[in-house]
Amino acid sequence: LQTITFSVQEIRGPLSHITSEVFRRGMKIVPTVKNPDKAQLTRFSKFLSDANVFDQSLEEVLRQFHFDVNSIDDGFLYLAKEYTDMGDGKVTAKMQEIRRLNPALMEFDLDTAGLPKNSHFLCPIHRENIQETPGKCVKDACDVELHPAMYKYYHRNKHMYFTDGEVIHLSKFSPTETYGWSPLLTIFEKALTLVGMDKNLYRYFFERKMPAAMLMVTTDDPESLRREREHIAAQTRIDPNYIPMVAVSARNQRGRVDLVRLFHTLQEMDYLPVRDEIRERVAAMWGVTPAWQGAPESFGGLSSQTQQLVVMSRVVEGDQRLFHEKVFPQLLKAFGITDWEIRLPNPEEKAENTRLSFAQQKIQIVNQFAQLGFDVKLKEQGVDIWDADFIVSGEYVPTAKLAGEQLAVGIEQQKQQMQEQQEMVDEDVEYE
């Protein structure tokens, strides 16, 4: 499944678009209380730029984790901790690394009944001390309570066991008690069809070792045809505009010329429409619209394009919700952070377009109130356009009455202007 994901452009492209949109505006750390403790972020802030021994940032690790969730429907995030025995069987943990584990090498540690946390037990300090029954660690007089294993990871021909607090598991499409169900299995035949179409194009344009067509002439005198063919080739080399005339023997009424085509054109195979159809079906599995795949025909109009952006924004918001509800709380809990939370900002198109639409609706409603004769005032000065609120007061004025009042006001203004002009004329006469 991983090989197909990275080999087929129609699959890798949509998944990369989703991951890029989810983390496009980065991650923000916001407080959850009025006076948050900034000391809680001292150690966590280092992991934002260097989360493991490979010098990966936390966002890079989460991008890999998110790609696994969309492709395999199983993502495993490993929280490597350093444990210290505090005495009396108490153990403290300190975060050391955050890494993405390959889903192909990760398993749930289940017993014969299919239940976890019953098959193996481990000591967090002496990881190599794996027991099949619960109890306490007896190595080096450790006396630490053994923890039940939830996962096992195949590494260098041996299994490494982890507890449920050391691995964050996430499924998106078909979450179950254990593993998910990859959407690639649903479109497996379509994915293989795309692979075959790519290989067909490669062979058609690059590895073609036979002629595109063959001319078959039925004649009783093939030697004369051969001599005529050589004569035509010689005349064509001398004059490219030479028009050849071929005589075919028609004895027994069997002479004819047939053109046998050995290859078909892309239009004859209906190649491009079929490929576009499969591409849209594959991308629809993840909710990625054609506009996000660089398809020129998808930009048919403003309403269609806007609807595609809305659909994509909903997909991104759904993935961000998975992180907000199932990944980030466990991650912050591992660092002991209680006054802060991690947020992925909503897609920019969704937020700005929605707020601007609401502002336009407010203005339209206010205009309708003003046309009915009500007094409309701005509630607060110096605010953004989408935060502007209005206060409506007064009484309803019928349209005819309102028009009459406006006409009367206009006449009154004209009278005042005429009176002012007359006064100015009188003053000029007196001055003269």
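**Exercise 1. Salt bridges**

Task: Count the salt bridges in this predicted model, then work out where the Glu59, Arg127 and Glu325 pairs sit.

Solution.

Step 1: Start with the tally. With a side-chain nitrogen of Lys or Arg needed within 4 Å of a carboxyl oxygen of Asp or Glu, the count comes to 18 salt bridges. As background, side chains of opposite charge can pair when their charged atoms come close.

Step 2: Take Glu59. Its partner is Arg63, and the closest N and O atoms are 3.3 Å apart. Both residues belong to helix H4, and because they are 4 residues apart, about one helical turn separates them. The general picture helps here: an α-helix has 3.6 residues a turn, so residues three or four places apart point the same way. Glu59 is partly exposed at 23% relative accessible area, and Arg63 is partly exposed too, at 28%.

Step 3: Move to Glu325. This one meets Arg321 in a salt bridge, 2.7 Å from N to O. Again the partners are 4 residues apart, this time in helix H8 (residues 302-335), so about one helical turn lies between them. Glu325 counts as partly exposed at 48% relative accessibility, whereas Arg321 is exposed at 53%.

Step 4: Now Arg127. Its salt bridge goes to Glu166, with the closest N and O atoms 2.7 Å apart. This pair links distant parts of the chain, the two residues being 39 residues apart. Arg127 is in the loop between strand E5 (121-122) and strand E6 (130-131), and Glu166 is in the loop between strand E9 (158-162) and strand E10 (167-170). Look at the accessibilities: Arg127 is partly exposed at 27%, but Glu166 is buried at 2%.

Step 5: Don't stop at pairs. Glu223, Arg226, Arg227 and Glu230 are joined up in a network of salt bridges.

**Exercise 2. Helix H4**

Task: Decide how enclosed helix H4 is, and compare its span with the expected one.

Solution.

Step 1: Get the span. H4 covers residues 58-71, which makes 14 residues, and reaches 20 Å from first C-alpha to last. That is close to the 20 Å expected at 1.5 Å a residue.

Step 2: Tick off the buried residues, meaning those under 20% relative accessible area. They are Leu58, Val61, Leu62, Phe65, His66, Phe67, Asp68, Val69, Asn70 and Ser71.

Step 3: Draw the conclusion. Since 10 of the 14 residues are buried, H4 is largely enclosed by the rest of the structure.

Step 4: Check what follows. Just after H4, Asp73 takes a positive phi of about 65°.

**Exercise 3. Two helices crossing**

Task: Describe how helices H5 and H7 pack, and list the residues that meet.

Solution.

Step 1: Geometry comes before side chains. H5 (residues 188-205) and H7 (residues 271-284) pack at about 145°, and their axes are 10 Å apart. The crossing is left-handed.

Step 2: Fill in the residues. H5 brings Lys190, Thr193, Leu194, Met197, Asp198 and Leu201. From H7 come Tyr271, Val274, Arg275, Ile278, Arg281 and Val282.

**Exercise 4. Positive phi in loops**

Task: Place Asp55 and Arg156, which have a positive phi although neither is a glycine.

Solution.

Step 1: For Asp55, phi is about 60°. The residue lies in the loop between H3 and H4, and is exposed, with a relative accessible area of 55%.

Step 2: For Arg156, phi is about 55°. You'll find Arg156 in the loop between strand E8 (151-155) and E9, exposed at 72% relative accessibility.

**Exercise 5. Gln40 and Lys90**

Task: Sort Gln40 and Lys90 into buried or exposed, and find their partners outside the immediate sequence.

Solution.

Step 1: Gln40 sits in the loop between strand E1 (28-31) and helix H3 (41-47). At 19% relative accessibility, Gln40 counts as buried.

Step 2: Beyond four places in sequence, Gln40 contacts Gly336, Ile337, Thr338, Asp339 and Trp340. A polar atom of the Gln40 side chain lies 3.1 Å from the backbone nitrogen of Thr338.

Step 3: Lys90 belongs to strand E3 (residues 90-101) and is exposed at 58%.

Step 4: With the same sequence neighbours left aside, Lys90 is in contact with Thr84 and Asp85. The C-alpha atoms of Lys90 and Val144 are 7.1 Å apart, although 54 residues separate the two along the chain.

Terms used: Residues are numbered from 1 along each chain as its sequence is written. This is a predicted model: local features need pLDDT of at least 70, side-chain atom pairs count only at pLDDT 80 or more; totals for chains, interfaces and linings use all residues. Side-chain values use heavy atoms; hydrogens and water are left out. Buried means under 20% relative accessible area, exposed over 50%, partly exposed in between (1.4 Å probe, protein chains only). A polar contact is a pair of N or O atoms within 3.5 Å; within protein, one must be able to donate a hydrogen and the other to accept it, and residues adjacent in sequence count only if both atoms are side-chain atoms. Contact means heavy atoms within 4.5 Å. The expected span of a helix is 1.5 Å times one less than its number of residues. Axes are lines fitted to C-alpha atoms, for helices over the stretch in contact, and angles run from 0 to 180 degrees between N-to-C directions. A crossing is left-handed if the near helix is turned anticlockwise from the far one by less than a right angle, and right-handed if clockwise.
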